[in-house]
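Good morning, and thank you for making time for this talk. Please keep the structure in view while I describe it.

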Amino acid sequence: MSYQVNEKGYYGEFGGAFIPEMLYPNVKHLEQNYLKIIESESFQTEFVSLLKHYVGRPSPLYYSKRLSDKYGIRLYLKREDLNHTGSHKINNTIGQILMARHLGKKRIIAETGAGQHGVATATVCAREGLECIVFMGATDVARQMPNVEKMQMLGATVVPVQSGNKTLKDATNEAIRDWINHPDETHYIIGSVVGPHPYPDMVARFQSIISAEIKQQLLEQTGSPLPDSVIACVGGGSNAAGAFYHFLNEPNVKLIAVEADGKGLETGETAATMAAGRPGIIHGSLTLLMQTDDGQIVEPYSISAGLDYPGIGPLHSHLFKSQRALFIRATDDEALAAAFELTRMEGIIPALESAHALAALSKLSFKKDETVVINISGRGDKDMEAYRNHMKNIKNKEQENTQTKLSLNNEDVYTKGYTFPTDGTLVDFRKVTGLYIP
Ligand SMILES: Cc1ncc(COP(=O)(O)O)c(C=O)c1O
């Protein structure tokens with residue numbers, strides 16, 4: 001079984017390039033040149049140097065002792081959160097900005113969900129001195145404001161998109177519309193392994209540095225380059241593609257992808273494409289897609305803006321169909337719990353997206369002492385509002401529990417010399433000192 005794209009742009013039955021005629025010259029030109037450019041010595045020298053000196057690679061592979069002890073495994077965390085701009089997205093935007101230069105393009109557009117790809121694109125455009133326009137759903141503009149402000153400071157124009165449910169799918173629609181209107185001067189930096197061929201393959205190649213480093217680092221730390229399992233979250237699927245890439249042909253390495261299940265599949269408020277999707281075309285490729293019986297896209301839902309997407313990259317549809325990878329789901333609540341577990345046990349605040357991958361620890365059973373690598377795709381700075389709300393909710397629940405305790409019968413409460421009213425009046429114990437409440 002091959003897990004690489006074929007010469008027609010397909011992974012098994014998924015992929016292809018379903019594009020409007022106006023974009024055909026752009027996509028064809030890219031397809032005919034991307035491999036030549038990537039493999040050229042000048043590209044490789046600059047790409048490798050920027051990953052090292054600008055992004056800060058290699059990102060650490062960190063052995064998590066406390067979580068290892070808790071789950072009875074040997075757990076390593078791949079720290080993409082420590083990259084410049086805070087996520088794996090910069091690996092791809094560095095590659096694509098160099099590609100744009102080789103193609104002679106002067107205007108850059110991008111879509112973004114969580115804002116991480118938008119920030120990574122605005123960053124490389126600032127460095128290259130190129131115009132940058134980022135399309136972002138209005139819902140995501142509101143929930144990822146720190147990243148909107150960063151993009152603006154970097155000199156990008158952020159266009160809030162008002163169509164659909166104003167999230168990643170709608171931002172991508174708008175970016176494609178812009179591309180159709182300005183095909184000659186524009187390069188579209190797609191942020192995941194989605195879109196028409198050759199984008200999924202090109203982005204997967206740029207992200208494959210993640211698994212190349214994992215192999216090297218595991219060898220140094222454990223004596224073997226191969227883990228038993230690699231776990232990553234999937235929105236469009238670029239961090240998972242990068243973390244899986246060099247293990248695809250290692251059948252003894254389990255590949256586990258975690259989708260966002262929002263409020264749960266049964267509620268319909270989900271973004272779990274594998275569980276809720278059927279083959280269909282979205283953003284230029286044939287893949288699994290959440291859709292109605294008559295082919296209308298079903299609006300996805302997830303607390304995580306980066307996973308809130310109704311499709312998935314065609315490579316992942318192929319990994320699912322061929323059963324090379326296991327796809328599981330984590331709800332908003334499970335992801336939040338996992339984010340707090342990592343934070344409290346290792347002092348690392350993960351992005352909400354990465355928290356979905358961490359949720360796999362409590363959802364799966366592992367062999368004793370097996371080596372597990374989880375890709376921490378990004379850091380949680382942008383998600384502080386969601387985390388603040390979660391802490392507030394927990395506090396409110398604790399207060400409710402205290403209220404329940406306050407209404408216990410007087411006989412259930414032991415006191416040190418306090419006389420209770422006998423007429424049934426409730427006592428506010430917070431104002432009374434010298435009490436012991438069991
Ligand atoms: C930190 C982080 N992880 C994961 C994702 C999901 O994207 P992908 O599936 O392409 O890795 C995003 C998307 O914005 C992200 O910001």
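The residues of the shell around the ligand divide by character into 14 polar, five nonpolar and one charged. I should state at once that this is a predicted model. There are 20 residues around the ligand, and those that come nearest are Gln116, Gly235, Ser238, Gly306 and Gly378. Which elements give two or more residues to this shell? They are the helices α5 (116-128), α11 (238-244) and α15 (352-363).

Let me turn to the division of the protein chain. Domain 1 covers residues 11-383, and domain 2 covers 412-438. Their C-alpha centres lie 56 Å apart.

Next, the sheets. As general background, strands of a sheet pair through backbone hydrogen bonds, in either a parallel or an antiparallel manner.

One open sheet has four strands in the order β7-β6-β5-β8, and its pairing is parallel. Why do β7 (157-161) and β8 (186-188) each have one side without a neighbour in the sheet? They stand at the edges, and each has a single partner strand, so one side of each is left free of a neighbour there. From one strand to the next, the twist averages 25 degrees. Within this sheet, β5 (residues 107-112) and β6 (residues 131-137) are paired in the parallel sense over six bridges. To follow one of these bridges, please find Ile108, whose bridge partner in β6 is Cys132. Helix α8 (residues 168-181) lies across β5, β6, β7 and β8, and α8 runs at about 160 degrees to β5.

Another open sheet has six strands, in the order β3-β4-β14-β9-β10-β13, and here the pairing is mixed. The edges are taken by β3 and β13 (325-330); each has a single partner strand, so one side of each has no neighbour in the sheet. The twist from one strand to the next averages 25 degrees. Strand β9 (residues 229-233) and strand β14 (residues 371-376) run parallel and are joined by three bridges. Here Val230 has Val373 of β14 as its bridge partner. Helix α10 (residues 209-222) lies across β3, β4 and β14, at about 40 degrees to β3.

I come now to the backbone, beginning with the peptide bonds. Where is a cis peptide bond found? One joins Arg57 and Pro58, with omega at about 0 degrees. Pro58 belongs to the loop between α2 (41-55) and β3 (61-63). A cis peptide bond also joins His197 and Pro198, where omega is about 15 degrees. The loop that holds Pro198 lies between β8 and α9 (199-207).

Two residues deserve attention for their phi angles. Thr85 is a residue other than glycine, yet its phi is positive, near 75 degrees. Thr85 sits in the loop between β4 (74-79) and α4 (89-103). Is Thr85 buried or exposed? It has 24 other C-beta atoms within 10 Å, and a residue with 20 or more counts as buried, so Thr85 is buried.

Lys166 is not a glycine either, and its phi is positive at about 60 degrees. This residue is in the loop between β7 and α8. Lys166 has 19 C-beta neighbours inside 10 Å, and it therefore counts as partly exposed.

Note on methods:
Residues numbered from 1 in each chain as written. Predicted model: local features only at pLDDT ≥ 70, side-chain atom pairs only at ≥ 80, totals over all residues. Pairing = 2+ DSSP bridges. Axes fitted to C-alpha atoms, helices over the stretch in contact; angles between N-to-C directions. Contact = placed C-beta atoms within 7 Å. Near = placed C-beta within 6 Å. Nonpolar A, V, L, I, M, F, W, Y, C, P; charged D, E, K, R; others polar. Domains from an automatic or database assignment. Buried ≥ 20, exposed ≤ 12 C-beta atoms within 10 Å, placed from the backbone.
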